[in-house]
Amino acid sequence: NPNMQNIPKGLVDGLNIRDLFVSSEGKTFVGIDYSQQELRILAALANDETMLTAFNSDMDIHKITASELFNVAIENVSKEQRSVGKTINFSIIYGISPFALSERLKVSRETAFEFIQKYYLKYPKIKEFMEDTLDSARVNHYTQTIMGRKREEQNINSMNKVLRSAAERELFNFVIQGSAADLMKMCMTRFAPILKEFESKLLLQVHDEFLFEIPDNANIDIFVKRIKEVMLNVKDIGVKYDVDVKYGKRWGSMSEYMS
């Protein structure tokens, strides 16, 4: 109390609210989160070779996308262009419309439509996977995660376009976000012996991030190594995972951990 799941990330009216959360006396926060987890899951499930190669080779997927959108060499992609690439990479997962994308990027609807078309030309298997997933859902009225969890939605065949479109977004999102949740839960079941060994706690899981609290006298190098081993090898779905690690006394201003 309050529910830490709802604490915003970043500044709110100039204040980093997460900085109000301080580790217990004699203990330190360790935050470990998956890098671009949902995009990696999408790449694996769609088996898109371009995206898989980027992730498995530690390439910058946002720069690759921006390079295609703006027709520039990857090494010449600007910070602003990469930001657009990042926005589109994550927006496509949620079936964003040209209108919604134009609002988000502050560009014309025509430009947004062109960006989406270029995206699908760069990653053709993504569009194919989305269409196949929804075609199956229209027949079976459900989609499922990598672990077989199902979500049913009868409105997938509704005559009401608003209800049908909402069902399509929900069912496709469930495949990606539900699979991400499966991986997080699988990790948590394997953390128990590590937490016991280091007399530490898993305080929180928010989306693709875990927040731990460990004693100051614990060997943080070994703790991080053990946790990363679990996260990086939790389940082979055909794509390389990556994680980011931070630590510190305040949740909102943890420092990057360099092993």
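## Aromatic pairs

Let's start with the rings. This predicted model holds 12 aromatic pairs. One of them joins F21 and W251: their ring centres are 5.6 Å apart and their planes meet at 90°, which makes the pair edge-to-face. Those two numbers are the usual way to talk about rings, since a pair of aromatic rings is described by the distance of the centres and the angle of the planes.

Where do F21 and W251 sit along the chain? F21 is in the loop between β2 and β3, while W251 is in the loop between β8 (243-248) and β9 (255-256), so their pairing ties together parts that are 230 residues apart in sequence.

Are these two rings buried or exposed? F21 has 17% relative accessibility, and because buried means under 20%, F21 counts as buried. W251 comes out at 4%, so W251 is buried too.

There's also a cluster of aromatics elsewhere in the sequence, made up of F191, F198, F210, F212 and F223.

## Charges over rings

W251 has another partner to look at: R18 lies over its face, 4.1 Å from the ring centre. You can find a similar arrangement at Y120, where the charged end of K127 sits over the ring, 4.6 Å from the centre.

## Around D19

Now take a look at D19, which belongs to the loop between β2 (15-16) and β3 (27-34). Which residues does D19 touch, leaving aside its neighbours within four places in sequence? They are R250, G252 and S253. With S253, the side chain of D19 makes a polar contact of 2.9 Å.

For a sense of scale, try I61: D19 and I61 are 42 residues apart in sequence, and their C-alpha atoms are 30 Å apart in space.

Notes. Residues are numbered from 1 along each chain as its sequence is written. This is a predicted model: local features need pLDDT of at least 70, side-chain atom pairs count only at pLDDT 80 or more; totals for chains, interfaces and linings use all residues. Side-chain values use heavy atoms; hydrogens and water are left out. Helices (H or I, at least four residues) and strands (E, at least two) are DSSP runs, numbered from the N terminus. Contact means heavy atoms within 4.5 Å. A polar contact is a pair of N or O atoms within 3.5 Å; within protein, one must be able to donate a hydrogen and the other to accept it, and residues adjacent in sequence count only if both atoms are side-chain atoms. Rings of Phe, Tyr and Trp (its six-membered ring) pair if their centres lie within 6.5 Å; planes under 30 degrees apart count as stacked, over 60 as edge-to-face and the rest as tilted. Buried means under 20% relative accessible area, exposed over 50%, partly exposed in between (1.4 Å probe, protein chains only). A charge sits over a ring if NZ of Lys or CZ of Arg is within 6 Å of the ring centre and within 35 degrees of the ring normal.
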